[in-house]
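Visitor: I am new to this structure and would like a close look at a single part of it. Please take me through that part slowly, in one connected answer.

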Amino acid sequence: MAAAPCWDNITRGLDAGTDPASPDYWGPVSADVDQRMVEQAAIGLAMALLPPARIWDPLSDAAKQRVATWLAGIYEFEPALNNWQFFRVLVSLGLERVGMPFDRAKNDASLALIKTFERGQHWYVDGRLGVKTTAPFALHRPHVCGRQRPGPWRRHRGRRGSANEPAAPADFVHWFDGAGGAIAMGRSLTYQFAMAEAITGCAGLG
């Protein structure tokens, strides 16, 4: 698979951003609820879903180790006790996909905590915040990422309330009006796109 220039930019960024000797180094995760965990989740999701030839195989062996080490920082500190726990799951899925080690115990602890957020009929509270915020659709994603994987991924996919339960998309459609406008939530338009993405995830399960 030939790499387009945009993919070259991404792999160069991964290389430089995880290299402590680079002026573009992102720095390590160094505290609980570190903002870098948000970016780690995006990279983990890309590694889990994209063909390795896109962003993983072009990296040198040294760069692959640096990326894996940088991502593993999410196991050294604690994400927020809400939908941020899902960030750790995404990192684990990405590392597993490319054959790099991940902390299964920490990952399983996050999955167990996410399960406590369930309130039945595919609704969640967003951790200790105790409100229905982004989590009702964000927390449906592990079973989509891991639908071809055994073990904890498949168990998470099959839990009551996941997006493959028929009632989920049937109720979720009421979050939008006839013109496509969505319930206002979150801090940016990104949340609105994320809401629509959950519907496409449900459609892909048929």
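In which loop does V33 lie? Please start there and lead me on to the helices that follow.

Guide: V33 lies in the loop between α1 (5-17) and α2, and before turning to this residue it helps to say that the model is a predicted one. As a setting for what follows, the protein chain has 12 helices and zero strands, and buried residues make up 43% of its 206 residues. Of the contacts in the protein chain with a separation of 6 or more, 59% are accounted for by residues 24 or more positions apart.

Back in the loop between α1 and α2, V33 has a phi near 55 degrees, which is a positive value in a residue other than glycine. With a relative accessible area of 43%, V33 is partly exposed, because a residue counts as buried only under 20% and as exposed only over 50%.

From this loop we come to α2, which covers residues 36-49 and packs against helix α4, residues 61-71, at an angle of about 130 degrees, with the two axes 10 Å apart. That angle makes α2 oblique to α4, because angles of 65 to 115 degrees would count as roughly perpendicular and those over 145 as roughly antiparallel. On the side of α2 the contact is made by R36, Q40, I43 and M47, and on the side of α4 by V67, W70 and L71. The crossing in which α2 passes α4 is left-handed.

Helix α2 has a further partner in α6, and here the axes come within 7 Å and cross at roughly 35 degrees. This crossing of α2 and α6 is left-handed. The residues that meet are M37, V38, Q40, A41, G44, L45, M47, A48 and L49 in α2, and F87, L90, V91, L93, G94, L95 and R97 in α6. Q40 and M47 therefore appear in both lists for α2, in the contact with α4 as well as in the meeting with α6.

It is worth following the chain into α6 from the loop before it, the one between α5 (73-76) and α6 (85-97), where N82 lies. N82 is buried, its relative accessible area being 12%, and a polar atom of its side chain lies 2.9 Å from the backbone nitrogen of W84. W84 is itself buried, with a relative accessible area of 15%.

By the rule for aromatic rings, the count in this model comes to two aromatic pairs. One of them joins W84 and F87, with 5.3 Å from centre to centre and 45 degrees between the planes, and the pair is tilted. It counts as tilted because planes under 30 degrees apart would be stacked and those over 60 would be edge-to-face. F87 is buried too, at 14% relative accessibility, and F87 is among the residues of α6 that meet α2.

After α6 the chain enters the loop between α6 and α7, which is the place of M100. M100 is buried, with a relative accessible area of 16%. Leaving aside residues up to four places away in sequence, M100 touches W56, K64, Q65, A68 and L95. In the case of K64, the two residues are 36 residues apart along the chain, while their C-alpha atoms are separated by 8.9 Å. L95, another of the residues that M100 touches, is also listed in α6 among those that meet α2.

Beyond this loop, the axes of α6 and α7 come within 9 Å and cross at roughly 140 degrees. That makes α6 oblique to α7. Q85, F86, R88, V89, S92 and E96 of α6 make the contact with R104, K106, N107, S110, L111, L113 and I114 of α7. In this case, too, α6 passes α7 in a left-handed crossing.

The walk can end with K115, which is found in helix α7, residues 104-116. At 47% relative accessibility K115 counts as partly exposed, and from C-alpha to C-alpha it is 10.0 Å from G127, a residue 12 places away in sequence.

Note on methods. Residues are numbered from 1 along each chain as its sequence is written. This is a predicted model: local features need pLDDT of at least 70, side-chain atom pairs count only at pLDDT 80 or more; totals for chains, interfaces and linings use all residues. Side-chain values use heavy atoms; hydrogens and water are left out. Rings of Phe, Tyr and Trp (its six-membered ring) pair if their centres lie within 6.5 Å; planes under 30 degrees apart count as stacked, over 60 as edge-to-face and the rest as tilted. Buried means under 20% relative accessible area, exposed over 50%, partly exposed in between (1.4 Å probe, protein chains only). Helices (H or I, at least four residues) and strands (E, at least two) are DSSP runs, numbered from the N terminus. A polar contact is a pair of N or O atoms within 3.5 Å; within protein, one must be able to donate a hydrogen and the other to accept it, and residues adjacent in sequence count only if both atoms are side-chain atoms. Axes are lines fitted to C-alpha atoms, for helices over the stretch in contact, and angles run from 0 to 180 degrees between N-to-C directions. Angles under 35 degrees count as roughly parallel, over 145 as roughly antiparallel, 65 to 115 as roughly perpendicular and the rest as oblique. A crossing is left-handed if the near helix is turned anticlockwise from the far one by less than a right angle, and right-handed if clockwise. Contact means heavy atoms within 4.5 Å.
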